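Please open the model in a viewer and keep a selection tool at hand. The stops below are meant to be followed in order.

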Protein chains: 2
Amino acid sequence: MPQQTDIEIARDAKKAPIVEIGQRLGIGAEDMIPYGHDKAKVRQGFIQDLNGRENGKLILVTAVSPTPAGEGKTTTTVGLGDGLNRIGKQAMICIREASLGPNFGMKGGAAGGGFAQIVPMEDMNLHFTGDFHAITSAHALLSAMIDNHIYWGNAEDIDTRRVVWRRVVDMNDRALRQITTSLGGVSNGFPRETGFDITVASEVMAILCLARDLDDLETRLGRIIVAYRRDKSPVYARDIKAQGAMAVLLKDALQPNLVQTLEQNPAFVHGGPFANIAHGCNSVMATTTALKLADYVVTEAGFGADLGAEKFMDIKCRKAGLEPAAVVIVATIRALKMNGGVAKEALTQEDVAAVERGCANLGRHIENVKSFGVPVVVAINHFVADTDVEVAAVQSYSEGHGVEAIVSRHWAEGGAGAETLAQKVAELADSGAAHFAPLYPDEMPLFEKIVTVAKRIYRADEVLADAKIRNQLKEWEAAGYGNLPVCMAKTQYSFSTDPNLRGAPTGHSVPLREVRLSAGAGFVVAICGEIMTMPGLPRHPAAESIHLNDKGDIEGLF
Amino acid sequence: MPQQTDIEIARDAKKAPIVEIGQRLGIGAEDMIPYGHDKAKVRQGFIQDLNGRENGKLILVTAVSPTPAGEGKTTTTVGLGDGLNRIGKQAMICIREASLGPNFGMKGGAAGGGFAQIVPMEDMNLHFTGDFHAITSAHALLSAMIDNHIYWGNAEDIDTRRVVWRRVVDMNDRALRQITTSLGGVSNGFPRETGFDITVASEVMAILCLARDLDDLETRLGRIIVAYRRDKSPVYARDIKAQGAMAVLLKDALQPNLVQTLEQNPAFVHGGPFANIAHGCNSVMATTTALKLADYVVTEAGFGADLGAEKFMDIKCRKAGLEPAAVVIVATIRALKMNGGVAKEALTQEDVAAVERGCANLGRHIENVKSFGVPVVVAINHFVADTDVEVAAVQSYSEGHGVEAIVSRHWAEGGAGAETLAQKVAELADSGAAHFAPLYPDEMPLFEKIVTVAKRIYRADEVLADAKIRNQLKEWEAAGYGNLPVCMAKTQYSFSTDPNLRGAPTGHSVPLREVRLSAGAGFVVAICGEIMTMPGLPRHPAAESIHLNDKGDIEGLF
């Protein structure tokens, strides 16, 4: 068991020069763009030349409905990657980049935990290789060009009441949620209401994460709907000629970032779209590149399997032509207890009955994932308070669902603690048992897609939606967007839209509050509940105690 | 003469690996943090260990009152650096970083021109090593913490009408100049008026450029005045505990960026404060480090000598304990013609009489610079339209002022074209003729400092200022800020505050419109005229035609 904090472990890491890590994957030094000695981007040209190669096997790590503390998806992803390498498999890890802003609110950070981490942790939680700054810049350029277009005569006849493109900043700043711009007279433009979201909520982020290459990136940027005309027709980013300059700002950011685990195994950490109004997975570029470089690629998707895995399958895999070979569902004893009705304060006490009740949640996630045609294994991410009988209860329940549940001790033991899990995952992935198919076909009408997810994944009875919303969806179908997948935005704490409804609820309704078209990213966002696109700082933000100590080390950030 | 554009020349550059460039300066590979293969930051620890070494000689490149196109200060700085290396001197160059936003307005970019350039040009005009993004982030964090402090009870009793800290973005976005924030109800805070400036106008930028080390940086950040209380006492950044986290965001940005000229000579490109509301010089960290690594350090300051050289001497040199050994005043035939009354359209026609009239401008700059106790040489930055008689007129005028004027052909010929200039500069710097002293002593009252600059440098008869402004200055003196230097903000096109008053005007008045206290940077800004801290985009922004071509090269940016 680690006696040190995550950051202490990360600082003690014996890192190999990143060039060495890359060379082991067959990437020449000239095809890496170093950022310091422990981070590197992989050149576009090198990636293009990989086209002919065979793909490795893609493994998704997802989770049961989580507690607010999270169930260790990233930690398990890292541990499994290290475990696979330990048992002689050539494996890579693909995860998302962290957002800068929230680190200054709550103590946060880390990429994994304990002895299952990716390093350099501090850089990854600060500016890293500048990808998010590039996204903020590209977004800001489009914002400025819209108001500038209106200022200089508004040739496209933009309805200033219907500018849907907001601004972004990578900071928790509630004061910017709703603002009035262009005050102060003629030379500052036409006053209008707008606001700022946090950078990870930008459609530019989702686009960067779904783009197949630079050309595709620019095309998608051009497709962003920025506003509507007085005749209600959409104004695209390409109408105001913004996509080329945006692509220039993003050309480096599109290249995946290579880093390493504590055990010197390779990892791409690239992209980080919101898991609610976007699809919540690392970039397609990183995943497809990793599949050419490694025999096994372990990746993860945000939130529980009802949200993360569904969007991973129906958006990312569908659009990028990926086929997952196996899925790991991370369960923790504490999350199952919470799903079994135990209050947060009592989660560390043994309660086998609660675990057994909570297993209904796990069971449904297993069924759901299997319905995509992919074999499943459960990883019990081991916590020190877990008892043997609690663990046995989960294993016996899983067996009843035809699935093995394996205790994994990567947090305490690193890759060595995940060897059994790795053996099972490799076996499943190699078995050829996967016959992946998304949940619904492209040609299904948009509202029906939403209903399909709600009924088949959330097990709701119905979707409640105004005529206004249904008509909006029909209009988009008429405009040629009917083939897009839907991107569900819902609480992660329940299958339902009520975060307090734990376990495996049935008979509930899904209220559809709002739909948004992300025409550049290529999905329709279906918002079922409150979605916060600009967080605020808490009463005592972590920033107040973050500082550099006498040795120049960062304190208070982690 | 170059047959190619600047960007074509820059792309054809034969760059040495940046590690080699650094090693030639005695920086070990482990003391460089690479950003790609052609950019590197120099580690803080290495810089600290240089303390005991002797300093090289500091050479400032400044200019006559310029035309709107600029007179080639950066080009001359680069050419002179290359020239010094060619004649066997060990020389380094220190210049400012470029701002991202303005590149998307007018075609811009470049660092130097022709065969006197610093590379990689494209990176330097886009994200470079992320310094400006770090400054934007640190600024944004402080902005968010102020509103958050007010939101959670306002323990410091901030008067929300007197929050002086605005927000910044590195983009030309006129719509953000004046905004109302915190609209939308209770959860978004208390509505108030504010606005965005461009990042280079941030006091954080000025602080980064004047900080001696990380400790000094954090102390200065803490001293920023963010607002006033209802009792009118200042609220500092340290009162809301922001300085530590801001320093964490800036710790990498504080380390100078090493790049190279087309001739593979070393250059630091670091920091870029506005030349009006700030002091307009590259960072103190870069200059002091370069002085330990090279025998000659060539640097520049923004705008003409009345603004740039004065602030370089009275702010940067005074505060950092630097002593310039020689000053190069860049003159062009076209700028002297314009100062001699010729219209922009006629600048390429020979007009010796106009050149002679315009020399009055040059003469005054020579006198001014000499008054700081530093020897001067004039560099005639040669343009193809210049005629021999025009050049001879400048040389003869300069001789009359006891100064040599040397034609420099670095644009067309690189360092070889600047050898004569380099010989003269080295001779002056080595002569021991410099006895630097700033224009006024620290203890002079603030208003008197402003009057001293206006009378002795601008040759005005008087400074016009409201009682309100004079009282403000007295209040700051009472609060302990009387020892700060003043940072003049004035048009660069004239010694006076009227941009159309060319040549060497006398008898004019300097109206002092506003004063601002930059307590963190450590100066009082004296604004004499309109100062734009957030530019707008033009009718047809360059962004509209910027794109990546089929080869992946950037087009339209330069």
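**First stop: a pair across the chains**

Select A:D173 and B:R167, whose side chains meet in a salt bridge with an N to O distance of 3.0 Å. The model is a predicted one, and the distances and angles quoted on this tour should be read accordingly. Between chain A and chain B the count of salt bridges is two, while the structure holds 58 over all chains.

Keep B:R167 selected and add B:D147. These two residues also form a salt bridge, in which the closest N and O atoms are 2.8 Å apart. B:R167 belongs to strand 8 (residues 167-169) of chain B and B:D147 to helix 6 (residues 131-151) of chain B, so the pair ties together parts that are 20 residues apart in sequence. B:R167 is therefore a residue to view with both partners displayed: A:D173 in the other chain and B:D147 in chain B.

**Second stop: the interface of chain A and chain B**

Now select the residues of each chain that contact the other. The selection should hold 62 residues from chain A and 62 residues from chain B. Together the two chains bury about 5,500 Å² between them, and 65% of this area is on carbon and sulfur atoms. Across this interface there are 29 residue pairs in polar contact, counted where both residues have pLDDT of 80 or more.

Which elements of chain A should be coloured on the side that touches chain B? Those that give two or more residues are strand 1 (32-34), helix 6 (131-151), strand 8 (167-169), strand 9 (179-181), helix 9 (243-250) and strand 25 (547-548) of chain A. Helix 6 of chain A gives the most, with ten residues. Colouring this side of chain A by residue class gives 35 nonpolar, 17 polar and ten charged residues.

**Third stop: the relation between the copies**

Superpose chain A on chain B. A rotation of 180° with 0.0 Å of shift along its axis achieves this, with an RMSD of 0.0 Å. The two copies are thus related as by a two-fold rotation axis. Returning to the interface selection, 100% of the interface residues of chain A are also interface residues in chain B, so the copies meet through the same surface.

**Fourth stop: the domains of chain A**

Hide chain B and colour chain A by its domain assignment: domain 1 (6-129 + 256-332 + 407-429), domain 2 (132-250) and domain 3 (446-528). The centres of domain 1 and domain 2 of chain A, taken over C-alpha atoms, are separated by 31 Å. Their contact takes 25 residues from domain 1 of chain A and 17 residues from domain 2 of chain A.

Domain 1 and domain 2 of chain A bury about 1,700 Å² between them, with 68% of it on carbon and sulfur atoms. Select A:S99, A:F274 and A:V284 next: in domain 1 of chain A these residues lose the most area to domain 2 of chain A, together 22% of what that side buries.

How many salt bridges lie between domain 1 and domain 2 of chain A? The count is zero, whereas six residue pairs are in polar contact, both residues at pLDDT 80 or more. On the side of domain 1 of chain A that touches domain 2 of chain A, helix 10 (284-293) and helix 11 (308-320) of chain A are the elements that give two or more residues. Helix 11 of chain A gives the most, with three residues. The residues of this side divide into twelve nonpolar, ten polar and three charged.

**Last stop: backbone details**

Zoom in on A:V119 and A:P120, which are joined by a cis peptide bond with omega of about 5°. A:P120 is in the loop between strand 6 (116-119) and helix 5 (121-125) of chain A. In chain B, the peptide bond from B:V119 to B:P120 is cis, with omega near 5°, and B:P120 lies in the loop between strand 6 (116-119) and helix 5 (121-125) of chain B.

Finally, select A:R459, which has a positive phi of about 60° although it is not a glycine. A:R459 is found in the loop between helix 17 (446-456) and strand 20 (462-464) of chain A.

Methods:
Residues are numbered from 1 along each chain as its sequence is written. Chains are lettered from A and ligands numbered from 1 in the order in which they are written. This is a predicted model: local features need pLDDT of at least 70, side-chain atom pairs count only at pLDDT 80 or more; totals for chains, interfaces and linings use all residues. Side-chain values use heavy atoms; hydrogens and water are left out. Domain bounds come from an automatic or database domain assignment. Contact means heavy atoms within 4.5 Å. Buried area is the accessible area (1.4 Å probe) that two parts lose on being put together, summed over both. A salt bridge is a side-chain nitrogen of Lys or Arg within 4 Å of a carboxyl oxygen of Asp or Glu. A polar contact is a pair of N or O atoms within 3.5 Å; within protein, one must be able to donate a hydrogen and the other to accept it, and residues adjacent in sequence count only if both atoms are side-chain atoms. Helices (H or I, at least four residues) and strands (E, at least two) are DSSP runs, numbered from the N terminus. Ala, Val, Leu, Ile, Met, Phe, Trp, Tyr, Cys and Pro count as nonpolar, Asp, Glu, Lys and Arg as charged, and the others, Gly among them, as polar. Copies are superposed by least squares on the C-alpha atoms of residues with pLDDT of at least 70 in both.
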